[in-house]
Every structure is written in C-alpha cells, then in structure tokens.
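Open the model in a viewer and keep the sequence panel visible. The stops below are meant to be followed in order.

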Amino acid sequence: MELRRDVFQAIADPTRRAIITLVALQAMTPSAIAENFDSSRQTISKHIQILRECELLEQEQNGREIYYQLNPHKMKEIADFIEPFRKLWDDRFNKLEAIMKNYQPGTPKD
Amino acid sequence: MQLKTKIDAEDGRQELRISRKFELPLELLFKAYTEPEILEQWMGTKVLKLENEKYGSWQFETTDPRGNKHRFSGVIHEFVPDRQIIRTFEMVGTGFGVQLEFLEFESITEETSRLDMHIVYRSAELRDQYLKIGMPRGLSMAHDRLQEAAEKYK
C-alpha cells in the first residue's frame, strides 16, 4: 500500500475519523484505542501510523506506556475550512498543468 | 503538503481571491479555459455550452457519484484572449445565487504564467457557505467533528 501523508486523505477514512474523535477527548494508549473497534489491533495500529505520518496524532511516552493525543496545531489547519477548499483548487490546477504540459495542438479550429 | 495555490479570504468580506503560478506558457494556460475538451478534463465537468466572447454564455453539467446531475451556468461579460475573462457563475437551483468572477491571466516568463481569480459574492455569508461546499464529499462530516474537537484548543 502506498504511504499517504496527505492529511485530507487521512481523514477521509471513517475509522481514522473515529480514532480522531476518540483521542480528541483524552490521550489514549494504542490498546485503549483498539478496544473501541471490531477490527484487529494490527489494522488499528496501521490507521494510527497513518495519522501520525500526517502529524494529526502526537506520541507521548508515559512510563512504559505510549499515549497518543491530537496535535492541536494540525487540527486547526484542517478545521479552518479554507484549507480543504484550497486543496480542491490545487488538485484541479495540478491537473490542468499536467494536461497542458502534454498538450499537442491538433488542427487549429480558430 | 506543499500547495501552490494561494487563497485569500478575509473574514467577514464578500470576496475571495485565488491565485496560482503555472509551469506553462500563458497561451496554454488560457487555452485550458477556452477549449471545451480540455476544460472537461481538468474541471471534471461536461461542457454543454461555452461561447468564448463578450456577451457569450456558458453552461456546464456534472454528475455526482449518486448519478444526480448538477448544472452550472453564467454569462461572459468580457473576453480578452490571453488576458482576461469576466463572467458570472451560478449553481443552478441551489439558492446560492450568482457570483461575479474576474479572471486575470498573466505571463511571467516564456514558460511560466499566473492566474488570479477574484470572486465577488452577494454577501459574506454566501461566500462562506460556498467555501464549505467546496469540500469533498464525506469530508465535511469529518470536518464538523474536527472543528468541535479543535474548539478545545483555541
């Protein structure tokens, strides 16, 4: 599977959104998070990994336990609705750029 | 995540600016806005009508994942090749109303160009609503929850 560091793709997944909602309430250990889901531990830890890669979750060592908590800074970035809008246009413009870079003029129409 | 597009949306204002630099000569950038087959590709929409001239009009149609069709239309107020398009934009039947769009195309070097879009809405509230529906499906729900969560950190 391709590694995704795109924060918007990360939160497009329902399980990952559920993890975010859980951790928003309090810092949690990976096993405490996994208890809330029917999926395997492994699956959940993969989701956590993706959330960490796009910096939505922060890791904190507390004695022998690892706790995950939300990264407030990153959260604010997404919660600001301009960012998804900007991303939408950026995707669109990237496509435009890619298409026109390969553009071969056919028979001129005008 | 490095985005090349700049959005300028000041709080409480009824306007919005979008700007982007392209690794494309000006003529190619402009062509992407005027050739229906090209526009269809990058906008992900069907072009029903596109009259690239002063007092011309345009009409697009998209089909969402559930098969519903949505129409977008407007009139072209000014059309200056490789330089400027002034047009109106409306999502038909949504109650969002008409917005006025100023598109300025500019050459930077022979191989690069820039587009500046200035969009004016009827009110600041409509502008904000419009920004929110720009969000991909499924994301807006997550977004609401995230916003709730984010409130705690303010």
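The tour covers chain A, then its helix 4 and cores, then the sheet of chain B and what packs on that sheet.

**Chain A, overall**

This is a predicted model. Select chain A and colour by secondary structure: six helices and two strands should appear. Followed from the N terminus, the order of elements is α-α-α-α-β-β-α-α. Chain A has 110 residues, and 29% of them count as buried. Among contacts in chain A with a separation of 6 or more, 55% join residues 24 or more positions apart.

**Helix 4 of chain A**

Select residues 41-53 of chain A, which form helix 4. Its 13 residues reach 18 Å from the first C-alpha to the last, close to the 18 Å expected at 1.5 Å a residue. Which residues of helix 4 of chain A are buried? Show Ile44(A), His47(A), Ile48(A), Ile50(A) and Leu51(A) as sticks; these are the buried ones. They lie on the same side of helix 4 of chain A because they cover an arc of only 160° around the axis. An α-helix has 3.6 residues a turn, so residues three or four places apart point the same way. Now turn to the other side of helix 4 of chain A, where Gln42(A) and Gln49(A) are exposed.

To see what the buried residues of helix 4 pack against, add helix 1, helix 2, helix 3, strand 1 (57-62) and strand 2 of chain A. Then step just past the end of helix 4 of chain A to Glu55(A), which takes a positive phi of about 65°.

**Two nonpolar cores**

The largest nonpolar core has 20 residues; select Ala10(A), Val23(A), Ile33(A), Ile48(A), Leu51(A), Leu56(A) and Leu57(A), which touch the most other members. Helix 1 (7-10), helix 2 (14-25), helix 3 (30-34), helix 4 and strand 2 (65-70) of chain A each give two or more residues to this core. Helix 4 of chain A supplies the largest share, four residues. A second, separate core has 13 residues, including Phe93(A), Leu26(B), Ala32(B) and Leu39(B).

**Helix 1 of chain B**

Two of those names lead on to helix 1 of chain B, residues 26-34, where Leu26(B), Leu28(B), Leu29(B), Phe30(B) and Ala32(B) are buried. The cover over these residues includes helix 6 of chain A, and also strand 2, helix 2 (36-43), strand 7 and strand 8 (113-120) of chain B.

**The sheet of chain B**

Select the strands of chain B. They form an open sheet of eight strands in the order 1-2-8-7-6-5-4-3, with antiparallel pairing. Strand 1 (5-8) and strand 3 (46-50) of chain B stand at the edges with a single partner strand each, so one side of each has no neighbour in the sheet. From one strand to the next, the twist averages 20°.

Begin at the edge with strand 1 of chain B, which is joined to strand 2 of chain B by four bridges in an antiparallel arrangement. Thr5(B) stands opposite Arg20(B) there. Six residues lie between the strands of this hairpin, and Gly12(B) takes a positive phi near 75°.

Further into the strand order, strand 6 (84-91) and strand 7 (98-107) of chain B pair antiparallel over seven bridges. Glu90(B) stands opposite Val98(B) in strand 7 of chain B.

Finally, bring back residues 82-101 of chain A: this helix 6 packs on the sheet, touching strand 1 and strand 2 (15-22) of chain B. The direction of helix 6 of chain A makes about 145° with that of strand 1 of chain B.

Methods. Residues numbered from 1 in each chain as written. Chains lettered and ligands numbered in written order. Predicted model: local features only at pLDDT ≥ 70, side-chain atom pairs only at ≥ 80, totals over all residues. Pairing = 2+ DSSP bridges. Axes fitted to C-alpha atoms, helices over the stretch in contact; angles between N-to-C directions. Contact = placed C-beta atoms within 7 Å. Buried ≥ 20, exposed ≤ 12 C-beta atoms within 10 Å, placed from the backbone. Core = buried A, V, L, I, M, F, W, Y, C linked by C-beta atoms within 7 Å. Expected span 1.5 Å × (residues − 1). Arc of directions from axis to C-beta.
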